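Reader: I should like to learn how salt bridges are read from a structure. Would you please guide me through an example?

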Amino acid sequence: MSAMNIGIGLAILALAVALAWRVLNWLWLRPKKLERLLREQGFKGNPYKFLNGDLKESAKMIKESKSRPIGLSDDPVPRIHPFVLQSVNTYGKSEISLEI
């Protein structure tokens, strides 16, 4: 009975380690590898940030842009996509934005 409990415990431990590895690969290793490969090809952009990325900064910029009035002759891009516009202006047209 004791050997069976040890076997079941080891099987559960192996499954937990495999699951942890898959989650680590999905959330950290694969995005960092993709970032490295794209940078080697000459793409620029903000570094990968775990889980939420640039979401807070993007939301803040959108909120700020919508707080100002817009005229009929104004360019709508700075109001609709301020973060993308800032990224393109900062890094050029070959910028990357990693999202999972």
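Author: Certainly. This is a predicted model, in which local features need pLDDT of at least 70 and side-chain atom pairs count only at pLDDT 80 or more, while totals for chains, interfaces and linings use all residues. Residues are numbered from 1 along each chain as its sequence is written, and side-chain values use heavy atoms, with hydrogens and water left out.

Reader: How many salt bridges does the rule give?

Author: A salt bridge is a side-chain nitrogen of Lys or Arg within 4 Å of a carboxyl oxygen of Asp or Glu. By this rule the count is 5. One of them joins Lys 32 to Glu 35, with the closest N and O atoms 3.1 Å apart. Another pairs Glu 35 with Arg 39 at 3.2 Å, N to O. Lys 32, Glu 35 and Arg 39 are thereby linked in a network.

Reader: Where do Lys 32 and Glu 35 lie?

Author: Helices are DSSP runs (H or I, at least four residues), numbered from the N terminus. Both residues lie in helix H1 (residues 2-40), 3 residues apart, about one turn of the helix. Glu 35 and Arg 39, also both in H1, are 4 residues apart, again about one turn.

Reader: Is Glu 35 buried or exposed?

Author: Buried means under 20% relative accessible area, exposed over 50%, and partly exposed in between (1.4 Å probe, protein chains only). Glu 35 counts as buried, at 5%. Its partners are partly exposed: Lys 32 has a relative accessible area of 30%, and Arg 39 one of 33%.

Terms used: Helices (H or I, at least four residues) and strands (E, at least two) are DSSP runs, numbered from the N terminus.
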